[in-house]
Amino acid sequence: MTGFDMNEFLSLKILDKFKRIFEGFGIDYKLLRIILKTKLILDSRRAPVINTNQKKKDEEQTSLLKGYFMHLLFGAFLAFFIYFIKDEMIRMMYFSGAFFFMTTMYLISDFSFVLLDTKDKNILLTKPVDLRTVSLAKVLHILIYMFRLNTFIAGPSLIALVLSNDLFVIPIFLVELLLMDLMIFLVTAFIYLLVLRFFDGELLRNIINFIQILLTILVTVGYQIAIRMIDFTSLRNMEYTFNSSHYLNPILWFGAPFEIFYNRGESYLYVFTSLIIIVPLVSFIVYLSLGKKMESLLLKLEGEGKERPSKHWFENLVGFILNRDEISKQSFNFANAMFRSDRSLKLKIYPALSSGILLPVLMIFNMRVGGQEFKPSGYEYLYLYFNLLIFSSVFYLVKYSSAWKGSYVFISSGFKDFKNLYRGLMQSMAYRFFIPLIILNGLIFTLIFKFRFAGDIMILLLAGIAILPLMGKIYLEIPFSKPIEESNQRVSFDKFLLSLAIVAILAILHFYSYIIPMGRWIYVSVLTAGIPISWKFATPGE
């Protein structure tokens with residue numbers, strides 16, 4: 001029993017204090033506690049979506065602080081931000097906006113499996129277990145998660161508010177936090193309800209996966225943009241101005257109690273304060289009335305979504321045009337299907353691709369800061385070569401998959417034609433990732449510099465297509481053949497240096513093509529002639 005007590009969850013110890021209250025309502029508290037403890041144990045063994053330092057499965061059970069480190073980092077950044085704001089309405093507007101956004105993102109990305117879970121009821125309700133106990137365990141599980149989020153995201157801001165004002169902010173802030181949590185939970189639940197009402201579960205899975213990808217991108221690179229957008233001098237001097245349209249903006253409501261308590265008491269502030277209480281409570285009553293409807297719609301998630309064969313007609317057409325060999329054509333189609341359906345792999349690839357979009361833009365943005373007039377040097381196109389360096393990250397990730405066990409067929413079937421297999425795979429990667437990445441960056445550069453670098457973007461596109469087989473030669477192994485959990489291992493430094501050297505040589509040749517007479521035409525001709533040669537002789541698999 002000693003080991004059991006030492007490993008007990010703090011949240012369960014707190015819950016034990018309310019044991020008699022639960023039993024007073026007829027709840028089997030002992031059973032409730034067992035169910036809840038099991039859920040919390042499973043949580044502790046599950047790596048968060050944004051845990052980029054995840055290692056082996058036997059190391060997944062980390063401390064609470066490690067598991068919520070990124071949440072705490074965001075909370076500290078938010079606290080530092082609002083500390084500089086003196087107007088109570090503006091301060092809480094920024095806090096509630098950031099808190100609503102990030103908490104909703106975390107809730108959807110990390111905790112949708114709880115909100116949308118039907119398996120626990122399928123398992124538990126076949127036993128002599130009361131439905132109320134199962135439902136209450138689910139609600140308490142969500143509340144514990146929300147409490148942890150609040151501690152790490154909003155805790156630093158509470159400290160900042162106490163330092164700015166006094167201890168009286170604590171009860172006001174905690175009550176508002178509870179109401180915010182209720183609104184966030186209800187908004188998330190209503191979104192799920194709306195999607196499931198009109199569409200199948202596959203669309204909802206795709207929406208959740210998109211949120212996961214977006215959150216990972218924001219956490220990875222978002223702070224670099226945010227820190228450059230803050231003007232702390234202007235923040236200190238901002239003052240709130242009321243507009244009647246603000247009655248429809250919940251983000252603005254939460255500053256009203258602080259403004260009433262510390263400064264003034266205009267009538268609209270009391271309306272805001274009333275809305276903070278009324279809207280969440282009424283929404284919760286509506287949600288309870290739709291509970292049975294929600295449970296029936298959740299059954300849609302138990303089936304797989306159906307894809308129409310005609311949905312990917314353009315993709316199939318591209319594969320038909322590019323490939324005369326049946327193996328490479330099938331490989332192209334298979335890779336595209338994997339990139340569409342493997343959500344765990346997409347969660348790795350798209351954040352990596354986002355770096356290729358953001359790094360060139362951030363470098364240009366850095367040149368604009370400091371109050372000096374920005375004057376293009378004419379060599380900004382060289383920043384776009386970071387796109388080609390990103391190729392190495394994607395090539396490295398392609399050997400991983402959440403369905404990796406299926407790769408045994410390559411070995412057991414005696415498959416030998418890996419050259420055409422890799423050719424189709426690289427065509428798929430170019431079609432889905434690399435060419436769209438370069439085109440998107442080209443559009444961004446066109447918006448910033450007009451059409452000044454249009455020719456350079458076309459050269460970059462040719463260079464990217466030409467070096468794909470060389471990158472594949474460095475990185476490619478049997479595709480989708482290793483567990484996705486192993487993808488956080490460090491890339492071989494030798495391979496990275498080799499890919500960096502290839503990209504650097506192309507960037508230098510591009511640079512010197514402006515110096516040599518007719519250099520650009522010569523460079524374009526070499527790249528155009530090099531594409532079929534590279535794809536014929538440099539494709540891995542020999």
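The following exchange between a biologist and a modeller concerns a predicted model of one protein chain.

Biologist: How many helices and strands does the secondary structure of the chain contain?

Modeller: This model is predicted. The chain has 542 residues, of which 46% are buried. Its secondary structure comes to 26 helices and 2 strands.

Biologist: What percentage of the contacts with a separation of 6 or more joins residues 24 or more positions apart?

Modeller: One example of such a pairing in space is F190 and L290, which are 100 residues apart along the chain, with C-alpha atoms separated by 9.7 Å. For the chain, the share of these contacts that falls to residues 24 or more positions apart is 82%.

Biologist: Is F190 buried, partly exposed or exposed?

Modeller: F190 belongs to helix α11, which covers residues 169-198. Leaving out residues up to four places away in sequence, F190 touches S283, V286, Y287 and L290. Its relative accessibility is 27%, which lies between the limits of 20% and 50%. F190 therefore counts as partly exposed.

Biologist: Which element gives the largest share of the largest nonpolar core?

Modeller: This core has 58 residues, and those that touch the most other members are F339, Y385, L388, F391, F395, L425 and M429. The elements that give two or more residues to the core include α19 (326-341), α20 (343-368), α21 (386-397) and α24 (454-475). The largest share, 13 residues, comes from α23.

Biologist: Which residues does L425 contact, leaving aside neighbours within four places in sequence?

Modeller: L425 is among the residues of the largest nonpolar core that touch the most other members. With neighbours within four places left aside, the contacts of L425 are S331, A335, F339, V398, L476, P479 and F480.

Biologist: How many residues are in the other core, which lies apart from the largest one?

Modeller: Among the members of this other core are M92, M102, L252 and W253. The number of residues in it is 47.

Biologist: Why is the pair of Y247 and F272 stacked, tilted or edge-to-face?

Modeller: A search of the whole structure finds 27 aromatic pairs. In the pair of Y247 and F272, the ring centres are 5.5 Å apart and the planes stand at 70°. Because an angle over 60 degrees is the criterion, the class of this pair is edge-to-face.

Biologist: Which of the two residues, Y247 or F272, is buried?

Modeller: Y247 lies in the loop between α13 (232-236) and α14 (250-253), whereas F272 lies in helix α16 (residues 267-289), so the pair ties together parts 25 residues apart in sequence. Y247 has 29% relative accessibility and counts as partly exposed. With a relative accessibility of 0%, the buried residue is F272.

Biologist: What is the angle between the planes of Y350 and F433?

Modeller: Y350 in helix α20 and F433 in helix α23 are 83 residues apart, and their pair links distant parts of the chain. Y350 is partly exposed at 27% relative accessibility, while F433 is buried at 2%. Both residues belong to one aromatic cluster with F334, F339 and F480. The pair is edge-to-face, with 5.8 Å from centre to centre and a plane angle of 80°.

Biologist: Is E259 buried or exposed?

Modeller: E259 is part of helix α15, residues 256-262. Beyond its neighbours within four places in sequence, E259 is in contact with D87, E88, M89, R264 and L269. Its relative accessibility of 1% is under 20%, and E259 is therefore buried.

Biologist: How far apart are the C-alpha atoms of T273 and P257?

Modeller: T273 lies in helix α16 and counts as partly exposed at 22% relative accessibility. Not counting residues up to four places away in sequence, T273 touches A256, P257 and I260. T273 and P257 are 16 residues apart along the chain, and their C-alpha atoms are separated by 6.1 Å.

Biologist: Which element gives the most residues to the nonpolar surface patch?

Modeller: The patch covers about 990 Å² and is made by I508, Y512, Y514, I515, I516, M518, W521, I522 and V526. Two elements give two or more residues to the patch, α25 (493-512) and α26 (519-537). M518 lies in the loop between α25 and α26 and counts as exposed at 58% relative accessibility. The element that gives the most, with 3 residues, is α26.

Definitions and conventions: Residues numbered from 1 in each chain as written. Predicted model: local features only at pLDDT ≥ 70, side-chain atom pairs only at ≥ 80, totals over all residues. Heavy atoms only, no water. Helix = DSSP H or I, 4+ residues; strand = E, 2+ residues; numbered from the N terminus. Buried < 20%, exposed > 50% of the residue type's maximum accessible area, 1.4 Å probe, protein only. Contact = heavy atoms within 4.5 Å. Patch = residues over 30% accessible without salt bridge, like charges linked within 9 Å, V, L, I, M, F, W, Y side chains within 5 Å. Areas by Shrake-Rupley, 256 points an atom, 1.4 Å probe, with all protein chains shown as cover. Salt bridge = Lys/Arg side-chain N within 4 Å of Asp/Glu carboxyl O. Core = buried A, V, L, I, M, F, W, Y, C linked by side-chain atoms within 4.5 Å. Phe/Tyr/Trp six-rings, centres within 6.5 Å; stacked < 30°, edge-to-face > 60°.
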